[in-house]
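Biologist: Hello! I am new to this one, so could you walk me through it in questions and answers?

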Amino acid sequence: GDIMVGTNTLQIPANTQLLNFTHIVVFTASALGEQSIPTAVGITDHAQKVSSLSFTDMDLDSSELGGTVSWFPPTPLSAELTHYV
């Protein structure tokens with residue numbers, strides 16, 4: 001799709017199907033036409049798993065919980081990893 005001038009980000013929604021795509025490309029355009037050679041970046045889709053996941057429920061009520069969730073980060077830790085979900 002078209003993105004307005006001054007917009008320098010585009011959110012790709014979670015669970016977007018990768019299909020066979022390998023790159024994200026951006027073309028610039030003006031009233032004179034569209035750039036014939038885009039700027040491209042390769043797609044890196046890494047799945048990493050934590051280990052030793054644990055939870056200790058400190059809430060004494062049977063229908064409630066509260067406590068600490070802990071884990072060990074993936075190894076080797078990827079530079080692309082930005083957060084846990």
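Biologist: Thanks! To begin, is Ile 24 buried, partly exposed or exposed?

Modeller: Happy to help, and please keep in mind that this is a predicted model. Ile 24 sits in strand β1, which covers residues 23–26. Its relative accessible area is 37%. Buried would need under 20% and exposed over 50%, so the class for Ile 24 is partly exposed.

Biologist: Which residues join Ile 24 in a nonpolar patch on the surface, and what accessible area do they have together?

Modeller: The patch includes Ile 24 along with Ile 12, Leu 18, Leu 19, Phe 21, Val 26, Val 41 and Ile 43. Residues in such a patch have over 30% relative accessible area, and Ile 24 has 37%. Taken together, the accessible area of the patch residues is about 720 Å².

Biologist: Leu 19 is in that patch. What is its phi?

Modeller: Leu 19 is found in the segment before β1. With 62% relative accessibility, Leu 19 counts as exposed. Most residues other than glycine have a negative phi. Leu 19 has a positive value instead, near 50°.

Biologist: And what is the phi of Ser 52?

Modeller: Ser 52 belongs to strand β5, residues 51–57. Ser 52 is partly exposed, at a relative accessible area of 47%. Its phi is positive although Ser 52 is not a glycine, and the value is near 55°.

Biologist: Let us stay with that strand. Which residues does Thr 56 touch, leaving out those up to four places away in sequence?

Modeller: Thr 56 lies in strand β5 and is partly exposed, with a relative accessible area of 47%. A contact here means heavy atoms within 4.5 Å. With residues up to four places away in sequence set aside, the ones that Thr 56 touches are Gly 66, Gly 67 and Thr 68.

Biologist: How far apart are the C-alpha atoms of Thr 56 and Val 69?

Modeller: Along the chain, Thr 56 and Val 69 are 13 residues apart. In space, the separation of their C-alpha atoms is 7.1 Å.

Biologist: What is the C-alpha to C-alpha distance between Ile 3 and Thr 28?

Modeller: Ile 3 is placed in the segment before β1, and it is partly exposed at 44% relative accessible area. In sequence, Ile 3 and Thr 28 are 25 residues apart. From C-alpha to C-alpha, the distance is 9.7 Å.

Biologist: Which residues does Glu 34 touch, again leaving out those up to four places away in sequence?

Modeller: Glu 34 is in strand β3, residues 33–34. At 58% relative accessibility, Glu 34 is over the 50% cut-off, so it counts as exposed. Apart from residues up to four places away in sequence, Glu 34 touches Phe 27, Thr 28 and Ala 29.

Biologist: Now for the whole protein. How many helices and strands are there?

Modeller: From the N terminus on, the elements run β-β-β-β-β-β. The count is therefore zero helices and six strands.

Biologist: What share of the residues is buried?

Modeller: The protein has 85 residues, and its accessible surface comes to about 8,200 Å². Carbon and sulfur atoms hold 58% of that surface. A buried residue has under 20% relative accessible area, and the buried share of the residues is 2%.

Biologist: Last one: among contacts with a separation of 6 or more, what share comes from residues 24 or more positions apart?

Modeller: This share is taken over the contacts in the protein with a separation of 6 or more. Residues 24 or more positions apart account for 18%.

Terms used
Residues are numbered from 1 along each chain as its sequence is written. This is a predicted model: local features need pLDDT of at least 70, side-chain atom pairs count only at pLDDT 80 or more; totals for chains, interfaces and linings use all residues. Side-chain values use heavy atoms; hydrogens and water are left out. Patches are made of residues with over 30% relative accessible area and no salt bridge: like charges are joined within 9 Å, nonpolar side chains (Val, Leu, Ile, Met, Phe, Trp, Tyr) within 5 Å. Accessible areas come from the Shrake-Rupley method with a 1.4 Å probe; for residues, only the protein chains shown count as cover. A salt bridge is a side-chain nitrogen of Lys or Arg within 4 Å of a carboxyl oxygen of Asp or Glu. Helices (H or I, at least four residues) and strands (E, at least two) are DSSP runs, numbered from the N terminus. Buried means under 20% relative accessible area, exposed over 50%, partly exposed in between (1.4 Å probe, protein chains only).
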